[in-house]
Amino acid sequence: MDPRDREDGPIQEAGAAGSDSSDGSGECGVASPYRWLRRLSRELHWSFVLAVFAVYGACQGVGDAVGVVAATYYCKDVLRVQPAAAQFYQGIVNSPWVVKPIWGLLTDVVPVAGYRRRPYFLLAGVIGVSSMLMLSLQSNPGIVVGVVALTAQSTGAAMADVTLDALVAQNSITNPPLASDMQSLCGFSSSVGSLIGFSISGLLVHLMGAQGALGLLSIPSALVFSAGILLKESRVTDFDYKQVHKKFYTAIQSMGATLKCPEVWRPCVYLYVSLNLSLDIQGGMFYWLTDRLTGPAFSEEFIGAIYAIGSVGSLLGVLLYQTVLKDCNFRSMLLWGQVLSSLAGMLDLMLVTRLNTKISIPDYIFAVVDSAVCQMVGRLQWLPLLVLCSKLCPPGIEGTFYALLMSIQNAGLLMSSWWGGLLLHMLNVTRTEFSNLWLAVLIRNVSRLLPLMLLFLVPQSDQNSTLLPAHILQDEVVKDESGSAQFSVLVADDSCCHPSSVDAENDRMKVLDDGGDDIELIPLMNKTTTAG
């Protein structure tokens, strides 16, 4: 799977809301990482922090890093497909990330053995381990077997990601000052994991071959399985599975009502279009970088080193965002993110046209700098989008709605990959022909500026603000027999199942507080237990 971000998600120090507290909450996570991690472990429980390390650090960090290098060499040297075809297959492999709302609905609505999150971590781990072991043990896997196995592994990773996203989104609502901290933690874990993964990826491919290196992806999946075992989560009792279909209907209805809000659908349009227009031509770039006739002919080890240095740039982007940019407003961050992304892409153009050699900069030095700068800018562009998405999630269906927002982003990335593959095909960029690759790079860089025309759809508010209207945030909370509170959209009585003729006013739900007891969100972990 292409390292993104993705989906995937990184974390950051709280804003001014905690600047004057006495527990160290106002200290920067960069200046005092140990105290910062202890604070997050204390307020969110250590098992949540461990799950972040397992999913973002091991699975999406190390796993994606090794996977992207190994899978690219697998397509190039084992399957021997053209760059455009490789990007098409990569889009298929990434397709499970587009249907993340399905996994989100399951984790929000359907508890297994009384737990809403732990079983899905366990299932994700089993899928990832079995699929990668199957691929590595095949003697002569064809295209179908390879794509199916990689897609299955991607499914497990997406399931783990959306389950953790549900925890992040819900914690963002219960602890708003920690929303940016959680995004910075995820981003830090992903960047460090990517650094480690890319550092060893080239060596692993060289020593074990692409297929053997892919088999090692079963290890990060096993760590996700372990996180599912250790996660602290309250058990749901007396759950009525006969009401599941009503809960699905209510959750979907709640998502539909939320999407109708201009505060929500306008940023969603921008997210999709901005990613869709940022054409992905990395397949063509990779084939050129490793070509022995017309390209620099980089080895497997050096390709891994390039990506590793890029991860350092990504990590610097997280630290820069954490220390300087976390309080900037969304529109300014996205504006400069798009502009810098287009400018950083010009480094690729200089490399492909060999302008770097004319100013006496060797290919290997320029490629390393290019990767570091592009990854840093990409992280600065990605983190505000993740914070924005976490702020758009309504209570009660955080996992589902955050997954929906992430699927919108992943759909944009998938279309970007396919549009980029089509562009490479139209310009006749193949395994051995790269004369028009410079034109593809130039078109990609210009296309990154087009989303600026839709920047007015993004709110101008800062990243610590609440974006959802009050009537959406005021969801109904009721208590089950165990005393735990749950959102009405997930409670299995008839009062939470709206008839088909429900009007907009019925979507506005109230908060019920019976007897003055404390009301909590759907318990993900025991909030009364803290780690020292």
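Begin by selecting helix 7, residues 179–215, together with helix 15, residues 363–391, in this predicted model; the axes of these two helices come within 10 Å and cross at roughly 140°. That angle makes helix 7 oblique to helix 15, because only angles over 145 degrees would count as roughly antiparallel. If you turn the view to look through one helix onto the other, the crossing to look for is a right-handed one.

Next, show the side chains where the two helices meet. On helix 7, select Ala179, Gln183, Gly187, Ser190 and Ser191, and on helix 15, select Arg379, Leu383, Leu386, Val387, Ser390 and Lys391, since these are the residues that make the contact. Colouring them by character divides the residues of this contact into 4 nonpolar, 5 polar and 2 charged.

Now move to helix 6, residues 143–174, and select Thr151, which is found there. Is Thr151 buried or exposed? Thr151 has a relative accessible area of 17% and is therefore buried, as the cut-off for that word is under 20%. Leaving aside residues up to four places away in sequence, Thr151 touches Ile92, Val93, Ser95 and Pro96, so add these four to your selection.

Finally, zoom out to the whole protein, in which there are 18 helices and 2 strands. Of its 532 residues, 57% are buried, while the accessible surface comes to about 20,600 Å², with 64% of that area belonging to carbon and sulfur atoms. Among contacts between residues at least 6 apart in sequence, 85% join residues that are at least 24 apart.

Notes
Residues are numbered from 1 along each chain as its sequence is written. This is a predicted model: local features need pLDDT of at least 70, side-chain atom pairs count only at pLDDT 80 or more; totals for chains, interfaces and linings use all residues. Side-chain values use heavy atoms; hydrogens and water are left out. Helices (H or I, at least four residues) and strands (E, at least two) are DSSP runs, numbered from the N terminus. Buried means under 20% relative accessible area, exposed over 50%, partly exposed in between (1.4 Å probe, protein chains only). Contact means heavy atoms within 4.5 Å. Axes are lines fitted to C-alpha atoms, for helices over the stretch in contact, and angles run from 0 to 180 degrees between N-to-C directions. Angles under 35 degrees count as roughly parallel, over 145 as roughly antiparallel, 65 to 115 as roughly perpendicular and the rest as oblique. A crossing is left-handed if the near helix is turned anticlockwise from the far one by less than a right angle, and right-handed if clockwise. Ala, Val, Leu, Ile, Met, Phe, Trp, Tyr, Cys and Pro count as nonpolar, Asp, Glu, Lys and Arg as charged, and the others, Gly among them, as polar. Accessible areas come from the Shrake-Rupley method with a 1.4 Å probe; for residues, only the protein chains shown count as cover.
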